[in-house]
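Dear colleague,

I am passing on a structure for you to look through, and below it I have written out what was found. Please keep it open beside you as you read.

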Amino acid sequence: MSSVRKFVIVIALFLVVCFAYALNNQTLKGKEQLIHSEAVLLKEGYGYQILKGEKILILQKFIPGLPGKQTFKTKQQAISVANLVIDKIERGESPILKSSDLSKLNISITGNY
């Protein structure tokens, strides 16, 4: 094997290793920055928070879009609304919810909280 051919093979292997490292490193950083939600236990029910990595983006203690300070009855209600907000953020939409959004998730809007 000629020395030029060996040199080309070594350079190609080096570039493959560098590319794989860069791709893996970017993926790890991206995973740390995933947007996710957590339910928040309150005195009178549940709220939610939306986080990007460890940073809190939104802390919602009350049901958005409803008058007054009504909390979610269950942890699952809080998480389902938080996930809808995340979907809106990921689609580039405003995270503001309408009463129709809450109705689709079977969140009571009658004020029985």
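When the whole structure of this predicted model is searched, one aromatic pair is found. The pair consists of Tyr-48 and Phe-72, whose ring centres are 6.0 Å apart and whose planes meet at 45°, so the pair is classed as tilted, since that label covers plane angles that are neither under 30 degrees nor over 60. The two residues come from distant parts of the chain, 24 residues apart, with Tyr-48 in strand β2 and Phe-72 in the loop between β3 and α2 (75-90). Tyr-48 has a relative accessible area of 2% and is therefore buried, the cut-off being under 20%, and Phe-72, at 0% relative accessibility, counts as buried too.

Strand β2 is also part of a sheet, which is open and has three strands in the order β1-β2-β3, with antiparallel pairing. Its edge strands are β1 (35-42) and β3 (55-60), each of which pairs on one side only, and from one strand to the next the twist averages 25°. Between β2 and β3, which run antiparallel, there are five bridges, and Leu-51 has Ile-56 in β3 as its bridge partner.

Another residue to find in strand β2 (residues 45-52) is Ile-50, which is buried, with a relative accessible area of 0%. Beyond its neighbours within four places in sequence, Ile-50 is in contact with several residues, including Ile-35, His-36, Leu-57, Ala-82 and Ile-86. Ile-79 lies 29 residues from Ile-50 along the chain, and their C-alpha atoms are separated by 9.7 Å.

With best wishes

Note on methods: Residues are numbered from 1 along each chain as its sequence is written. This is a predicted model: local features need pLDDT of at least 70, side-chain atom pairs count only at pLDDT 80 or more; totals for chains, interfaces and linings use all residues. Side-chain values use heavy atoms; hydrogens and water are left out. Helices (H or I, at least four residues) and strands (E, at least two) are DSSP runs, numbered from the N terminus. Buried means under 20% relative accessible area, exposed over 50%, partly exposed in between (1.4 Å probe, protein chains only). Contact means heavy atoms within 4.5 Å. Two strands pair if DSSP finds at least two bridges between them. Axes are lines fitted to C-alpha atoms, for helices over the stretch in contact, and angles run from 0 to 180 degrees between N-to-C directions. Rings of Phe, Tyr and Trp (its six-membered ring) pair if their centres lie within 6.5 Å; planes under 30 degrees apart count as stacked, over 60 as edge-to-face and the rest as tilted.
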